[in-house]
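Reader: I am new to this structure and would like a close look at a single part of it. Please choose one, describe its residues, and then work outward to the rest.

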Amino acid sequence: MTKRSTPSPVDAEEAPDDDATGSAHGKEDRHFVTALARGLEVLRCFKSGEERLGNQDLSERCKLPKSTVTRLTYTLTKLGYLHHVEESGRYRLGMATLTLGGTTLARLDVKEVSRPLMEDLANATGSQISLGIRDGMSMLYIEVCRGQSIVTLRLDIGSRIPLATTAMGRAYLAGVTPSERQGLEERIEALDPTSWPRVAQGIRQGVSDLAEHGCCSSFGEWQKEIHGIAVPLRLGQGLPVMVINAAGPAQLLSRESFMQEIRPRVIETVRRIEQQLGARR
């Protein structure tokens with residue numbers, strides 16, 4: 001008689017359960033990744049961008065052991081798909097879910113509030129105004145408004161720009177906590193140790209500029225033909241930092257124009273967005 005092997009504790013816990021999402025698929029299809037299905041099921045538990053759920057809530061909704069859910073929420077938080085609200089110990093949808101589709105963005109009300117203010121700013125300054133989030137080691141454009149200028153930038157929704165050398169990226173780094181910034185700096189240095197001294201100097205300058213001028217800048221440092229400034233958008237309520245960026249062709253918009261004329265308008269627009277979103281919450 002063949003002796004039946006006993007599954008390890010991990011195998012036993014990760015084996016598909018009859019009542020878990022994807023269980024039937026897991027038994028029928030060896031290519032089906034049960035852990036991935038469970039992670040997506042956790043995200044589906046959040047019925048709106050405002051909802052906050054704890055591990056016990058998620059365990060009951062997903063019909064999964066709490067220990068399994070705890071590992072899933074930890075991983076999803078590390079990847080940015082969930083955000084841990086320390087005050088309550090619960091979770092809400094993270095900004096990385098915005099890359100999965102526009103519905104989450106609409107539920108968070110960010111686009112609805114920001115769009116008209118960004119359009120006014122673009123028309124008033126003749127620059128391209130963008131709303132961005134961090135996605136890995138890049139900044140991702142999730143909204144773009146252009147002014148009336150004939151010459152404009154070829155950056156649209158879905159465009160990715162560097163985290164360390166752009167105004168938007170520097171504003172993000174300057175806007176997060178020192179511990180978060182340190183962790184990202186270590187990753188940036190590991191990717192390109194040779195350029196790190198120059199890149200680090202730009203990041204430090206960005207932190208200083210935000211404190212002194214209320215914005216971060218990149219005048220030809222990322223691409224010589226592009227000038228830009230950016231201001232972190234701190235929405236609170238457990239949401240990660242976002243960034244409003246104003247950029248334009250260097251031949252049309254000088255450093256002086258950005259710092260003297262555009263900068264105060266960008267800062268004021270960011271404050272209005274923060275106030276309106278805060279009032280909704």
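Author: The account below starts from one helix, follows a contact leading out of it, and then turns to other places in the chain. This is a predicted model, in which local features need pLDDT of at least 70 and side-chain atom pairs count only at pLDDT 80 or more, while totals for chains, interfaces and linings use all residues. Residues are numbered from 1 along each chain as its sequence is written, and side-chain values use heavy atoms, with hydrogens and water left out.

The part chosen is helix α8, residues 167-175. Helices here are DSSP runs of H or I with at least four residues, strands are runs of E with at least two, and both are numbered from the N terminus. Nine of the nine residues of α8 are buried, so the helix is largely enclosed by the rest of the structure. Buried means under 20% relative accessible area, exposed means over 50%, and partly exposed is in between, using a 1.4 Å probe and protein chains only. The buried residues of α8 are A167, M168, G169, R170, A171, Y172, L173, A174 and G175.

One of these residues leads out of the helix. R170 is buried, at 7% relative accessible area, and its side chain meets that of E221 in a salt bridge, with N and O 2.9 Å apart. R170 belongs to α8 while E221 sits in the loop between β6 (216-219) and β7, so the pair ties together parts that are 51 residues apart in sequence. E221 itself is partly exposed, with a relative accessibility of 42%.

A salt bridge, as the term is used here, is a side-chain nitrogen of Lys or Arg within 4 Å of a carboxyl oxygen of Asp or Glu. The count by this rule comes to nine salt bridges. Some of them lie within one helix. In helix α11, R271 forms a salt bridge with E274, where the closest N and O atoms are 3.3 Å apart. These two residues are three places apart in the helix, which means about one helical turn between them. R271 is partly exposed at 31% relative accessible area, whereas E274 is buried at 18%. Elsewhere, R115, E119 and E143 are joined into one network by salt bridges that share partners.

Helix α3 holds a comparable pair. R44 bridges to E41, with 2.9 Å between the closest N and O atoms, and about one helical turn separates the two because they are three residues apart in α3. An α-helix has 3.6 residues a turn, so residues three or four places apart point the same way. E41 is buried, with a relative accessible area of 15%, and R44 is partly exposed at 46%.

The strand β7 and the helix α11, both mentioned above, also supply residues to the interior. Of the 30 residues in the largest nonpolar core, L131, I229, L233, M242, I244 and V266 touch the most other members. Such a core is a set of buried Ala, Val, Leu, Ile, Met, Phe, Trp, Tyr and Cys residues joined through side-chain atoms within 4.5 Å. At least two residues of this core come from each of α7 (110-125), β3 (128-135), β4 (138-145), β7 (226-233), β8 (242-249) and α11 (255-280). Helix α11 gives the largest share, seven residues. Apart from this core lies another, of 28 residues, including M139, L163, I188 and I203.

Two further places complete the picture. N55, in helix α4 (residues 55-62), is buried at 15% relative accessible area. A polar contact of 2.9 Å joins its side chain to that of T73; the term means a pair of N or O atoms within 3.5 Å, where within protein one must be able to donate a hydrogen and the other to accept it, and residues adjacent in sequence count only if both atoms are side-chain atoms.

As for cysteines, a search of the whole structure finds zero disulfides, a disulfide being a pair of cysteine sulfur atoms within 2.5 Å. C62 is in none, and the nearest cysteine sulfur, that of C45, is 3.3 Å away. C62 is buried, at 3% relative accessibility.
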